[in-house]
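Student: I would like to work through this protein with you, one question at a time. Could we begin with what is meant by a buried residue?

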Amino acid sequence: ASDGPVSVLLVTAKPQSLTAEALRVHPRVALDIAAPGKLPSTAHDLIVIEDPPGAPLPPATHVVALGVSPGAGAPLTLGDAATANGIVRWDYDAAYFRYVDLRDLIIQNAHVVSGGHAIADSASGPMIAMAPWPEMERGGLSPTRGVGGELVVTGFTVDDTDLTLRAAFPNLMANFVDWSAPDSKTEPPRGVLSPSETIDA
């Protein structure tokens, strides 16, 4: 896999948020931060959305929406409020969950994620889901480098959890960066455990 830079756009009303800090200190991330409604038009490898974007997203191949809707036309949406917020299962094979343990994660408020493929579940339904986003021409959003887009949506914001108090948080952000790296499609991210090593005996 390439060790080159990964261009990341963070859409947030809080430019000093812990998400911003985790991305800012990552050695591979070339970070742009934009306020909702003031998005750039330039393409990025990864867009992370902390607040509703308020405008069409620019071109990207990977989008992560943290407890908010990524916009009209997205294949994943936030559904009903969850009555049971605890994560009871997550996909150990998913690249974004390497070195990430979601057991006993405290989630104060959450919504079930509708659509796509569930990669983390509560008793209420999917808490995190992913889906291909091939219609990325919508609103000016189009795939770059000739590949289809991918979207991950969480049913909760970072601020509604104790995730930032855990080692899992910077690992999760680093995994999203590796997942979206332009040349990382044929090899697993460097320095990660195999799925079998992450499952308790």
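Tutor: A residue counts as buried when its relative accessible area is under 20%, as exposed when that value is over 50%, and as partly exposed in between. Please keep in mind that this is a predicted model.

Student: With that cut-off in hand, what percentage of the residues of the protein chain count as buried?

Tutor: The protein chain has 201 residues, and each can be placed in a class by its relative accessible area. The surface that the chain exposes comes to about 9,000 Å², with carbon and sulfur atoms supplying 55% of it. As for the residues that count as buried, their share is 48%.

Student: How many helices and strands does the chain have, and in which order do they run from the N terminus?

Tutor: The protein chain has three helices and 10 strands. Reading from the N terminus on, the elements run β-α-β-β-β-β-β-β-β-β-β-α-α.

Student: Which strands stand at the edges of the open sheet?

Tutor: Eight strands form this open sheet, with mixed pairing, and their order is β2-β1-β3-β4-β10-β9-β8-β6. A strand at an edge has a single partner strand, so one side of that strand is left without a neighbour in the sheet. The strands that stand there are β2 (29–34) and β6 (89–90).

Student: In β8, which residue is the bridge partner of Trp 90?

Tutor: Strand β6 pairs with strand β8, which covers residues 117–122, and the two run in the antiparallel sense over two bridges. For Trp 90, the bridge partner in β8 is Ala 120.

Student: Which side chain meets that of Arg 89 in a salt bridge?

Tutor: A search of the whole structure finds six salt bridges, and the one asked about links distant parts of the chain, with its residues in strand β8 and strand β6, 32 residues apart. Arg 89 is partly exposed, because its relative accessible area is 34%, whereas its partner counts as buried because its relative accessibility is 17%. The N to O distance is 2.9 Å, and the partner of Arg 89 is Asp 121.

Student: Is Asp 162 buried or partly exposed?

Tutor: The side chain of Asp 162 meets that of Arg 166 in a salt bridge, at 3.3 Å from N to O. Arg 166 has a relative accessible area of 23% and is therefore partly exposed. Asp 162 has a relative accessibility of 15%, which is under the 20% cut-off, so Asp 162 counts as buried.

Student: What is the N to O distance in the salt bridge of Arg 103 and Asp 101?

Tutor: Arg 103 is partly exposed, with a relative accessible area of 36%, and Asp 101 also counts as partly exposed, at 29%. Their side chains meet in a salt bridge whose N to O distance is 2.4 Å.

Student: Which element gives the most residues to the largest nonpolar core?

Tutor: This core has 40 residues, and those that touch the most other members are Tyr 96, Phe 97, Leu 102, Ile 128, Val 152 and Phe 176. The elements that give two or more residues to the core include β1 (6–11), α1 (18–24) and β9 (125–133). With seven residues, the element that gives the most is α2.

Student: Leaving aside neighbours within four places in sequence, which residues is Leu 102 in contact with?

Tutor: Leu 102 belongs to the largest nonpolar core, where it is one of the residues that touch the most other members. Once its neighbours within four places in sequence are left aside, Leu 102 is in contact with Ile 87, Trp 90, Phe 97, Ala 120 and Ile 128.

Student: Where does the side chain of Ser 180 reach at 3.1 Å?

Tutor: Ser 180 is found in helix α2, which covers residues 168–180. Its relative accessible area is 1%, so Ser 180 is buried, and, not counting residues up to four places away in sequence, Ser 180 touches Val 6, Asp 45, Leu 46 and His 62. At 3.1 Å, the side chain of Ser 180 reaches the backbone oxygen of Val 177.

Student: With which side chain does the side chain of Arg 28 make a polar contact?

Tutor: Arg 28 lies in the loop between α1 and β2. This residue is buried because its relative accessible area is 10%. Its side chain makes a polar contact, at 3.2 Å, with the side chain of Asp 178.

Technical notes. Residues are numbered from 1 along each chain as its sequence is written. This is a predicted model: local features need pLDDT of at least 70, side-chain atom pairs count only at pLDDT 80 or more; totals for chains, interfaces and linings use all residues. Side-chain values use heavy atoms; hydrogens and water are left out. Helices (H or I, at least four residues) and strands (E, at least two) are DSSP runs, numbered from the N terminus. Buried means under 20% relative accessible area, exposed over 50%, partly exposed in between (1.4 Å probe, protein chains only). A polar contact is a pair of N or O atoms within 3.5 Å; within protein, one must be able to donate a hydrogen and the other to accept it, and residues adjacent in sequence count only if both atoms are side-chain atoms. Contact means heavy atoms within 4.5 Å. Accessible areas come from the Shrake-Rupley method with a 1.4 Å probe; for residues, only the protein chains shown count as cover. Two strands pair if DSSP finds at least two bridges between them. A salt bridge is a side-chain nitrogen of Lys or Arg within 4 Å of a carboxyl oxygen of Asp or Glu. A nonpolar core is a set of buried Ala, Val, Leu, Ile, Met, Phe, Trp, Tyr and Cys residues joined through side-chain atoms within 4.5 Å.
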